[in-house]
Amino acid sequence: MRIGVVTFPGTLDDVDAARAVRYAGAEPVALWHADHDLQGVDAVVVPGGFSYGDYLRAGAIASLAPIMAEVKAGAGRGLPVLGICNGFQILCEAGLLPGALVRNSGLHFICRDQRLRVESTATAWTGAADAGQEILVPLKSGEGRFVADAETVARLEGEGRVTFRYLGGNPNGALADIAGVSSADGRVVGLMPHPEHAIDPLTGPSDDGLVLFTSVLGAAVGG
């Protein structure tokens with residue numbers, strides 16, 4: 001399986017995402033922001049960082065990059081897409097996921113290991129996890145507070161589209177402790193914490209994040 005990893009100016013975690021893809025047993029494929037070609041990949045990761053310096057809004061400029069037009073078209077065909085941190089912001093700005101990510105409630109950049117609960121396994125990126133499973137992965141963001149209008153939050157909750165929820169205290173003021181959400185078809189997932197930094201206990205707090213990358217292997221084969 002070939003999984004594309006997108007790089008924008010200011011992306012920081014593309015190398016880590018590619019490493020996670022390799023750990024899961026897939027082949028990472030570098031995708032450049034200015035290209036119009038997904039190179040036939042089976043899934044896409046939009047990684048973290050500070051694309052375009054977070055000018056205007058985090059993810060706003062990157063959402064208009066040529067590669068994102070291809071990602072949006074691919075998602076419309078059922079291509080699995082994962083957005084991590086800045087990637088989550090980009091997917092929201094691109095309209096692939098609902099809501100928005102804004103400044104943390106305390107206005108501080110937060111960097112810590114964060115416990116999450118897997119709320120839904122009905123997505124391409126969580127199918128190998130157990131419902132209710134707790135995972136420990138790093139969180140590092142200044143604009144990670146998930147917000148949406150009350151109707152959108154109610155719809156996400158009612159449709160089981162809240163994919164991850166913060167445990168042990170809400171780090172950034174996100175509504176309903178939401179750390180990650182999915183698209184209606186479960187093929188697109190975004191989350192603020194960094195599963196790609198938790199794939200090996202030697203270099204991270206756990207290997208809990210690897211389950212996202214192994215999940216998509218089965219999703220692509222089966223879907």
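**A first look around Cys-85 and His-194**

Welcome to this predicted model. A good place to begin is His-194, which lies in the loop between β11 (188-191) and α5 (210-222). The UniProt record, an unreviewed entry, places the feature "active site" at this residue together with Cys-85 and Glu-196. Those positions are spread over 112 residues of sequence, yet they cluster in space, with a largest C-alpha distance of 10.8 Å. The lining of the largest pocket includes two of them, Cys-85 and His-194.

**His-194**

- Is His-194 buried or exposed? His-194 counts as buried because its relative accessibility is 1%, and the cut-off for buried is under 20%.
- The side chain of His-194 makes a polar contact with the side chain of Glu-196, at 2.7 Å.
- Leaving out residues up to four places away in sequence, His-194 touches Asp-13, Gly-48, Ile-84, Cys-85, Val-137, Pro-138 and Lys-140.

**Cys-85**

- You will find Cys-85 in the loop between β4 (81-84) and α3 (86-93).
- With a relative accessibility of 6%, Cys-85 also falls under the 20% limit, so Cys-85 counts as buried.
- Which residues does Cys-85 contact, leaving aside its neighbours within four places in sequence? They are Gly-48, Lys-140, Ser-141, Leu-191, Met-192 and His-194.
- Gly-48 and Lys-140 are thus among the contacts of Cys-85, and they are also among the residues that His-194 touches.

**Helix α3, following Cys-85**

- How many of the eight residues of α3 are buried? Seven of them are, and the helix is mostly covered.
- The buried residues in α3 are Asn-86, Gly-87, Phe-88, Gln-89, Ile-90, Leu-91 and Cys-92.
- Just after this helix comes Gly-95, which takes a positive phi of about 85°.

**Leu-212 in helix α5**

- On the other side of the His-194 loop in sequence is α5 (210-222), and Leu-212 lies in this helix.
- Leu-212 has a relative accessible area of 1%, which is why Leu-212 is buried by the under 20% cut-off.
- Setting aside neighbours within four places in sequence, Leu-212 is in contact with Leu-82, Trp-125, Phe-164, Leu-191 and Pro-195.
- One of these partners, Leu-191, is also in contact with Cys-85.
- Where does the chain bring Ala-24 relative to Leu-212? The two residues are 188 residues apart along the chain, and their C-alpha atoms are separated by 9.0 Å.

Definitions and conventions
Residues numbered from 1 in each chain as written. Predicted model: local features only at pLDDT ≥ 70, side-chain atom pairs only at ≥ 80, totals over all residues. Heavy atoms only, no water. UniProt positions renumbered as here; feature names shortened; annotations may be inferred. 1 Å grid on protein atoms, 1.4 Å probe; cavity = no way out; pocket = protein on both sides within 12 Å on 5 of 7 lines; lining within 4 Å. Helix = DSSP H or I, 4+ residues; strand = E, 2+ residues; numbered from the N terminus. Buried < 20%, exposed > 50% of the residue type's maximum accessible area, 1.4 Å probe, protein only. Contact = heavy atoms within 4.5 Å. Polar contact = N/O pair within 3.5 Å; in protein donor to acceptor, adjacent residues only side chain to side chain.
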